[in-house]
Each structure stands twice: as C-alpha cells, then as structure tokens.
Amino acid sequence: MIKFYNRRNKEYQIERVAGNWAIKWIYGSRLFGAGLLHFLIKRRIASRLYGIYCSMSVSRKKIDKFIRDFNVDMDRFQVPEGGFKSFNEFFYRKLKKDMMNIEKEDRVLISPCDGKVLAYQNIDIDMLLQVKDITYSLRELIGDDEVADKYNKGTCLVFRLCPSDYHRFHFIDDGICEKTNKIKGCYYSVNPVALDKIEKLFCENKREWSIFHSKNFGDILYVEVGATFVGSIVQTYKPNEEVKRGDEKGYFKFGASTVILFFKENIAIIDGDILEQTQKGYETYVYMGEKIGIKREE
C-alpha cells in the first residue's frame, strides 16, 4: 500500500498501482521473483519488446480499461481525431493548452511534471536518500564528479511518475538547456517497493541528464530515469536554444518513471507542506506548472 499526500484537499490517499501484486511478488520473492527480475525484467530486451507491443495498433484495446481502472481525467488531454492509434500514443498524450496552469511569476518555482514529489534541502551529494537507510551519490548518478560537486548543500527534488500520470516533462523557467548525456542501465521499477529492495536503484537504471541554464534559478541539473517497460526517454527540446517556462523538454514512453532536479546552494526554498510530508516519509502529489517553492532572495 502506497499512501501519499494530496495537498489540494490536505488528505492522504492510497495510490492505485498498475500490476501491484506482480511488483510485490517480483521484488519480495527471494527465489522465483528475484530470478525473473535478474534474467528478464531488469534487462533492456523486456522493456523493448513490451514497448514494441504498446506501439502496435492492437494495444489500443487496453486504453479504455486503463482509463476506467485509474480514473484518468481525459478532459485534461488532447485526443486525436479518430482516437489514439496505440497504447503508447495514449500514454504520452499531451495536455490541452487551457489545462496548462503555469505559475508565471519569476520567483515562483514550479513543478516540471505531474507526479509525486519528495524534497530534500542542504543535501550531501554523497548521501542522497533513496528511501530510509538506502542512499546513493550524485557522482554515481550522473558519472561526472565536476558537475556533481557544484550541487553539494543544494536542493534535490524527486518526482515519481506512475503509469496513470501525464508523462511529459517541462522546463520550469526561461533559459537554455545543454545537450543530453545518456547513461545505459537496467530497467528496475521505481515503485517504492522496488526502491526499498534495490540499492542505488537510480544509479542502476537507464538515465539521461542535462544542465539547464535558467533565468531565475541558476544552473539546474535535470535527470530523467527510466524504469520497467519504459521503451524510451524522448527529448523533444533543441539543445542550446532558448526556451520559455512551461515549454516541453521531453516525454517517457510506457512505464513508471522519475524526474530528479538539483539546484545549487541558496537558490530555492521549497514549500513547507512538501518538506513536512517528505520528513514524515510521504510523497506529495503535484501537477505540472504548480507552485512548489520560491526563489531565495539574496
């Protein structure tokens, strides 16, 4: 059972997890589940094959049931004439323009995506928290010591996107983003059950990172992490060209995924309710463009 905080009604809710029983069995079983995980599920071939299926027209039959099972509010999304051609096309659906409620004030820090967020301030880049008692380092995560060192004592935001979420991610400010650096890896689930079982999971999985030179929040480190059955991380922005707050950076194909943002020291102040829930061990659900903090004044 995954409980998260809904800041809109100030209540805790239980997440509906796609394939929950399978995840618990695979990551909880010491024998059969562990063997299946090692020899098939964490490997690229499984995600690639399932990604191919989700891109075929036959997969569209999954869409209506998925919408019903997870109460997806389709009023928020663009639906192509004739409907979605495949489950993947549905999965990386776009928001309607009038549903992009983006905070415009320069000093306001917004969420880059829909998802459940954990927030950490004054971080030790060698002891980043995955879950209680399991840590990882930023150096291992991106494979670049020089870049990693710049974010010590800064702020880390971890956004977990479950399969029912909107799966596009955006720029949180005006600015220019450098090219994307790609790191090959495994395809473990990013479900909290898996995070509690696989040490340094984010450093094991396929991931991509880039430096975003923002107008108001300095150099932000964007990290996108793939997961089980994520066919691809697709970057749609053009490197070294100006972008505006709310512009799309990219999207994930099928599967749960993670976006991690790092800010340098004394740049951002995260909203108190998000920090409080993180300290209690709960994620907070946020929407793309929603206020999650402010710029620290000099």
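In which helix is A148 found? Select A148 in this predicted model and you will find that the residue belongs to helix 7, which spans residues 145-149. With a relative accessibility of 0%, A148 counts as buried. Showing its surroundings, and leaving aside neighbours within four places in sequence, you will see A148 in contact with I125, L138, R139 and I142.

Next, keep A148 selected and add F262, which is 114 residues away in sequence, while the C-alpha to C-alpha distance between the two is 9.5 Å. F262 also leads on to the following stop, since it appears among the residues in contact with T155 once neighbours within four places in sequence are set aside.

Move, then, to T155, which is found in strand 7, residues 155-161. T155 is buried, because its relative accessible area is 4% and the buried class lies under 20%. Its contacts, again leaving aside neighbours within four places in sequence, are Y120, Q121 and I123, together with L261, F262, F263, A268 and I270.

The cysteines can be picked out now. Select C156, which is buried with a relative accessible area of 2%, and then C203, which is likewise buried, at 14%. There is no disulfide to display anywhere, as the structure holds zero of them.

Turn to the aromatic rings, for which the count comes to 18 aromatic pairs. One of these to select is F171 with F212, a tilted pair whose ring centres are 4.8 Å apart and whose planes make an angle of 40 degrees. F171 lies in the loop between strand 8 (168-170) and strand 9 (175-177), whereas F212 lies in strand 11 (residues 207-214), so the pair ties together parts that are 41 residues apart in sequence. Both partners count as buried, F171 at 1% relative accessibility and F212 at 0%. For a further group of rings, select F66, F70, F84, F87 and F90, which ring pairs link into a cluster.

Where does V58 sit? For the last stop, select V58 in the loop that runs between helix 3 (44-54) and helix 4 (63-69). At 40% relative accessibility, V58 counts as partly exposed. Adding I52 and M56 to the selection completes a nonpolar surface patch of about 250 Å², which these two residues make with V58.

Conventions: Residues numbered from 1 in each chain as written. Predicted model: local features only at pLDDT ≥ 70, side-chain atom pairs only at ≥ 80, totals over all residues. Heavy atoms only, no water. Patch = residues over 30% accessible without salt bridge, like charges linked within 9 Å, V, L, I, M, F, W, Y side chains within 5 Å. Areas by Shrake-Rupley, 256 points an atom, 1.4 Å probe, with all protein chains shown as cover. Salt bridge = Lys/Arg side-chain N within 4 Å of Asp/Glu carboxyl O. Helix = DSSP H or I, 4+ residues; strand = E, 2+ residues; numbered from the N terminus. Buried < 20%, exposed > 50% of the residue type's maximum accessible area, 1.4 Å probe, protein only. Contact = heavy atoms within 4.5 Å. Disulfide = S-S within 2.5 Å. Phe/Tyr/Trp six-rings, centres within 6.5 Å; stacked < 30°, edge-to-face > 60°.
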